[in-house]
Amino acid sequence: MSSLAVGCRLRVAVLVLALLGAGAVGGGSTAHAADDGELTLDSIVNNVIVGHAEDGNYLNFDPFATVELPRIMVARTADGALTVDLYGSTKGLLKDGTYGLVPHSEGEGGHEEVITESSALQEAFASKAHLHGDIVRTSGHVVADLSITRHLIFGLLAMGIVLAIFLVLAQRYKRGVGRTEAPHGVLQNMMEVMVVFIRDEVAKPNIQGEKWRTFLPYLLSAFFFILMANILGLVPYAGAATSNIAVTGVLAVMTFVIGLLYGSKDHYKHMFLGPPDAPWPIRVILVPIELIGTVMRHLALAIRLFANMMGGSLIIFSLIGLVFIMNVLFGEAMAFGTSIISIGFTVFILLLKLLVAFIQAYVFTILSALFIGISVEEHEHEEHADDAHAEAPTSQTSGALSDRLDAVDDAVDDVTEPAPA
Amino acid sequence: MTEVIAQSLVQPDVGLIFWKTIAFLIFLFLLYRYGWGPITEAMESREEEIESSIQRAEEALAEAKEIQSENKKARREAEREAQRILREARESAEELREEEMAKTRDRIQQMQEQAQAEIEREKQAALQELRDEVADLAIEAASKVVRDDLDGERQRKLVNDFIDDLPKN
């Protein structure tokens with residue numbers, strides 16, 4: 001094991017080693033431990049910590065079962081035709097022979113052998129290496145891997161729960177419970193509190209005039225989906241779909257697209273032509289800044305949610321992994337001692353994650369509302385007709401908006417600081 | 001290897017983006033169509049109803065207060081009226097009583113006077129009668145005594161003189 005590899009691993013597992021508080025000692029003994037075979041720091045970091053946090057084409061119910069998910073490959077064959085290959089599982093995909101496995105090996109980079117023969121595949125199946133390796137097509141190449149992944153399943157599960165809750169509740173409201181009489185039961189009251197909160201505290205104050213009505217369904221859907229996905233992240237064997245950058249990215253893009261589709265003329269004018277009362281050289285500088293800023297704040301929206309959820313699960317898996325790391329480094333007695341502390345911390349982090357689940361759902365929703373509100377805001381048109389002096393209030397309005405944006409960002413930073421720390 | 005797996009944590013997966021977009025759009029559509037509409041609508045109509053009922057209640061309360069104050073005023077007036085009537089009745093009763101009393105007193109006085117006059121008159125009559133009786137008795141007695149001696153004329157003059165000599169009363 002070269003020192004370079006140790007350095008890389010240290011960078012990835014920096015959380016683990018920081019928690020160890022003995023980075024130097026850990027680094028020193030790593031080389032010996034790695035040679036022992038079975039339980040190495042590498043395998044702990046990869047399987048226990050990162051393996052649980054990353055996406056994959058299987059549902060891990062260790063030690064009971066591992067359920068492989070269907071693989072769907074859009075591929076271009078050797079003669080250039082586009083095909084869609086459908087398999088029930090990764091095993092089925094590999095047994096078929098059209099695809100080969102490139103396992104991740106311990107070595108440095110290098111060119112890897114593509115495994116296609118059945119004996120080698122059986123070996124890979126036994127060690128579950130096929131679930132972590134790359135899949136390549138033996139002839140032609142894969143255009144897009146549209147396989148079902150565990151994060152998609154968790155996302156669908158969250159959506160299913162939200163749909164079930166609210167479609168049932170909607171029927172109730174249609175029947176008149178909550179319309180003409182008081183809402184009834186814990187579920188209805190609890191959900192209503194949150195719906196009213198999103199409406200009155202998130203949508204109404206951030207979106208100008210009556211326009212909030214148009215965007216409330218999106219905000220509510222996003223809020224409840226994120227909340228449910230975050231909470232699923234606390235359930236054993238499940239995971240948070242929101243701890244995947246693709247999922248949060250899709251959500252952020254939706255906010256972005258809504259902002260673009262419903263953007264007001266004033267917003268576009270301001271974005272592409274700069275502030276109307278500024279001289280043109282300043283506008284030339286401001287327009288790119290404005291454009292980059294618009295893209296960046298949606299990007300930040302995706303990364304904020306993703307990083308918070310991912311950070312939370314990495315901390316938990318690291319705390320659990322710490323027990324095994326202690327076992328490797330200092331023996332069983334130390335591992336037992338560590339497990340007590342680890343479990344205590346894990347419970348604490350889980351409680352913190354529950355809080356973060358709500359906070360992040362709220363933060364995503366309020367920022368979405370704010371961004372949409374900025375896009376759809378219309379300024380008083382009489383001011384544009386008047387001379388430059390009359391336009392002062394317009395710039396004040398956008399100034400107030402950016403102030404509000406800063407305030408929300410500050411609040412978000414304050415609130416979320418503990419989670420990814 | 002560690003590097004590769006760690007990258008998978010931050011690398012967006014095309015398949016996931018694809019399915020996620022489709023799934024979320026369907027999710028959004030279903031909730032938009034069947035979920036949020038009825039819920040938010042029902043909540044709004046309920047809120048409006050609550051607001052309007054509170055307003056109605058407040059109006060009713062104000063109205064009730066007004067009616068109450070009106071009632072109070074009317075009652076006070078009625079009481080005042082009753083007292084006035086009572087006072088008047090008492091006054092007129094007093095007047096009536098005094099009038100009656102004065103009338104009675106007058107009548108009593110009148111009756112007294114009448115009685116006195118009657119008594120006086122009776123007394124005079126009785127005196128006169130007595131005088132006549134006494135005179136007749138005397139004449140008769142005297143005539144019996146001196147029937148032969150004296151004529152009637154002389155005797156009467158004698159008796160009258162005698163009576164005049166009698167003390168009055």
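Reader: Hi! Which helix of chain A is A:Leu261 found in?
Author: Hello! A:Leu261 belongs to helix H10 of chain A, which covers residues 245–261. Keep in mind that this is a predicted model.

Reader: Is A:Leu261 buried or exposed?
Author: Exposed. Its relative accessibility is 66%, and A:Leu261 counts as exposed because the cut-off for that is over 50%.

Reader: Which residues make a nonpolar surface patch with it?
Author: A:Leu261 shares the patch with A:Val253, A:Val257 and A:Tyr262. The patch has an area of about 400 Å².

Reader: Cool. New topic: which residues of helix H6 in chain A are buried?
Author: In H6(A), residues 118–126, the buried ones include A:Leu121, A:Ala124 and A:Phe125. These residues sit on the same side of H6(A), because they cover an arc of only 100 degrees around the axis.

Reader: And what does the face turned away from the buried side carry?
Author: That face of H6(A) carries exposed residues: A:Ser119, A:Glu123 and A:Ala126.

Reader: What do the buried residues pack against?
Author: Two elements of chain A: helix H5 (90–95) and strand S5 (99–102).

Reader: Nice. Which residue with a positive phi follows H6(A)?
Author: That's A:Lys128, with a phi near 60 degrees.

Reader: Let's switch to the two chains. How many residues of each are in contact?
Author: On the chain B side there are 42 residues, and they are in contact with 60 residues of chain A.

Reader: How much area do chain B and chain A bury between them?
Author: About 4,500 Å², with 74% of it on carbon and sulfur atoms. Accessible area lost when parts come together is often used to give the size of an interface.

Reader: How many salt bridges does the rule find across it?
Author: Three, across the interface of chain B and chain A. As for salt bridges between the chains, B:Glu44 and A:Arg213 meet in one through their side chains, at 2.8 Å from N to O.

Reader: Last topic: where is the place of A:Pro183?
Author: A:Pro183 lies in the loop between helix H7 (150–175) and helix H8 (186–206) of chain A.

Reader: Why does A:Pro183 count as buried?
Author: Because its relative accessibility is 19%, and buried means under 20%.

Reader: Which residues does A:Pro183 touch, leaving out those up to four places away in sequence?
Author: In chain A, A:Pro183 touches A:Val177, A:Gly178, A:Gln188, A:Asn189 and A:Glu192, and from chain B there is B:Arg46.

Reader: How far is A:Pro183 from A:Arg172 in space?
Author: They are 9.1 Å apart, C-alpha to C-alpha, and eleven residues apart in sequence.

How values were computed
Residues numbered from 1 in each chain as written. Chains lettered and ligands numbered in written order. Predicted model: local features only at pLDDT ≥ 70, side-chain atom pairs only at ≥ 80, totals over all residues. Heavy atoms only, no water. Patch = residues over 30% accessible without salt bridge, like charges linked within 9 Å, V, L, I, M, F, W, Y side chains within 5 Å. Areas by Shrake-Rupley, 256 points an atom, 1.4 Å probe, with all protein chains shown as cover. Salt bridge = Lys/Arg side-chain N within 4 Å of Asp/Glu carboxyl O. Helix = DSSP H or I, 4+ residues; strand = E, 2+ residues; numbered from the N terminus. Buried < 20%, exposed > 50% of the residue type's maximum accessible area, 1.4 Å probe, protein only. Arc of directions from axis to C-beta. Contact = heavy atoms within 4.5 Å. Buried area = accessible area lost by both parts, 1.4 Å probe.
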